[in-house]
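Here are a few exercises to work through with the viewer open. Try each one before you read the solution.

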Amino acid sequence: MEGREAQISSSGPKRGGWITFPFITGAAAGFTLGGVGWLANLIVFLIQVFNVKSINAAQIYNIANGSTNFFPIIGAIVADSFLGSFAVAAISASISLLGIILITLTVILDPLRPQSCNNGSSLCTPPSNVQYAVLYTGLAMATFGLGGTRFTIATMGANQFDKPKDREIFFNWYFFTFYFASAVSNTAIVYIEDNVSWRVGFGICAITNFIGLAFLLLGNRFYLHDKPQGSPFTSIVRVIVATIQKWKIKLSSNIEDYYYKHDGITETATIPKMSFRFLNRAAFKTEGDVGSDGSIAKPWRICTIQQVEDLKTLIRIFPLWLSGIFLSTPIGVQGSLTILQALTMDRHLGPHFQIPAGSILVLCMISTSVFLAIIDHFLCPMWQKLTRRSPTSLQRIGLGHVLNILSMAISALVEAKRLKIAQAHHLQGQPGAIVPMLALWLFPQLVLVGIGEAFHFPGQIALYYQEFPVALRSTSTAMIAMIIGIAYYLSTALIDLVRRVTGWLPNNINNGRLDNVYWLLVVVGVLNFGYYLVCASLYRYQNVEKEEEVSNSGTNR
């Protein structure tokens, strides 16, 4: 296998294959239990333990969520370019463990947290600078570590198999492990944090993270380690640099004036296209660019036509990728605000059980998982029978846009009802007051946004994997993580902007207008959907045959 370490002699242990599966999935389960366990209940922790104002807590939560989804891109680049997947996963897991331990110390040692008080009281003592420093250091380390393991461990697991069928089976089990561990974290660990103690809950997070790290290290003798091949983004930068250097050169219509050879292979199937024609300068041959043997003499002045066309592909798909960011931003805002709503509502199920506010979002994850199976086994075959074609990636993403907008509209209507009840019971001036309205009213919006994710997230992954250049295939699937990460950062900025410009988001949301925020998200969603429709109508698949092959394979499963 090219780029991999040589297999050791037959007398030694076999490397790669299914022998690595229990170690990798055990590590993934441990990291997910430990990471999601503290992250899911972060808003409640900040409000109840660190006396952070509710809207500020929501912003910190969004930043932490954004970081855990943004760091996988950094981890993937470092793994591909320098260290390899195993080293990045092990280092990230160690950093995450130290971060969780630091967060746990804040609930064990009294000097590391402010004095407790009633939720929403104006007399609460804010954290000191030292307490903030310890808290933010722990959060930064924990989020960085969680993000560094999330996709790296999946890539590492796939690298253990040569056959595509084995990789597919591995991914199915990996994502099952991820979703199952996330559900356990969002329910069992969050329940322990709310009803037993923060010490025990965070302690469990630290222990499960340590167990995951132990699984990862114990399996090292069985892993196939891919050698770093250099960043796939280098060729993109080279095209840009070469284009700038040759900006004043007049292009030729003669195909022979462009460079096709790379590592002794002639790229006869690739011809320079007219779209973004100015980039063709990067492949235009000038004196001294190419050696006498046809090899590249000046790598930062000459590129192959294939490398130029790869950059053009990324430019074409960028507008669609951008719409994905503004599709996920309302989801980030809705997630944090829904937890704040749940804190003010009746969360009892029967006389003895109360739903933890931090667990409310698990409903979105459950609906996504269930509807993924429904789409795969029922809706896609039904669509195939009616239209004789499977739905394309762009169609699935478009349906996700619509469902997302409907979810925000339902959120606005439910919040309007909650505010009406709060006003009827004169609860506007009572911080921390519970509105006599069941939190079950929040379920429809979460179910709907989860169904929408079942359409647009897999649709985006399939689109990027299909359309991205071959050299960037491993990065293409991580683009979803980047979208989510940027969306969480934007959601934080949007909440801050709304709070500064309007009076809709006071610390006591019973005295605010959260429904107007949701209606604003509806407007953003409608505008973004219109933008998406324009981009989708103008976009042309770079490989139509492949799109049809992907669609047919999805139908025949």
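Buried means under 20% relative accessible area, exposed means over 50%, and partly exposed is in between. Keep in mind that this is a predicted model.

**Exercise 1.** Sort the residues of strand β6 by the face they belong to, covered or uncovered.

*Solution.* Start with the strand itself, which runs over residues 435–438. V435 and M437 make up the covered face. P436 and L438 are on the uncovered one. Now look at the partner: β3 (residues 345–346) pairs with β6 in the parallel sense, over two bridges. Within that pairing, M345 stands opposite V435.

**Exercise 2.** Work out how the rings of W18 and F161 are arranged, and which parts of the chain they tie together.

*Solution.* Some background to begin with: the structure holds 16 aromatic pairs. In this one, the ring centres of W18 and F161 are 4.6 Å apart and the planes meet at 55°, so the pair is tilted. Next, place the partners. W18 is in the segment before α1 (21–39), while F161 is in the loop between α6 (152–158) and α7 (164–195), so the pair ties together parts 143 residues apart in sequence. Last, check accessibility: W18, at 35%, counts as partly exposed, whereas F161, at 2%, counts as buried.

**Exercise 3.** Describe what surrounds the ring of W247, taking F278 and then R281.

*Solution.* First, W247 and F278 form an edge-to-face pair, with 6.0 Å from centre to centre and 65° between the planes. W247 is in the loop between α9 (234–245) and β1 (261–262), and F278 is in the loop between β2 (265–266) and α10 (305–343), 31 residues apart. W247 has a relative accessible area of 49%, so it counts as partly exposed. F278 is partly exposed too, at 36%. Then bring in R281: its charged end sits over the ring of W247, 5.3 Å from the centre.

**Exercise 4.** Find the residues with the most contacts inside the largest nonpolar core, then follow L340 outward.

*Solution.* The largest nonpolar core has 68 residues, and W38, L42, F45 and L340 have the most contacts inside it. Setting aside neighbours within four places in sequence, L340 touches I43, I47, S54, I55, A58 and I509. There's also a second, separate core of 37 residues, which includes A283, L463, I484 and C535. Finally, go back to F45: ring pairs link F45 with F50, W198 and F202 into a cluster.

Conventions: Residues numbered from 1 in each chain as written. Predicted model: local features only at pLDDT ≥ 70, side-chain atom pairs only at ≥ 80, totals over all residues. Heavy atoms only, no water. Phe/Tyr/Trp six-rings, centres within 6.5 Å; stacked < 30°, edge-to-face > 60°. Helix = DSSP H or I, 4+ residues; strand = E, 2+ residues; numbered from the N terminus. Buried < 20%, exposed > 50% of the residue type's maximum accessible area, 1.4 Å probe, protein only. Lys NZ or Arg CZ within 6 Å of the ring centre and 35° of its normal. Core = buried A, V, L, I, M, F, W, Y, C linked by side-chain atoms within 4.5 Å. Contact = heavy atoms within 4.5 Å. Pairing = 2+ DSSP bridges.
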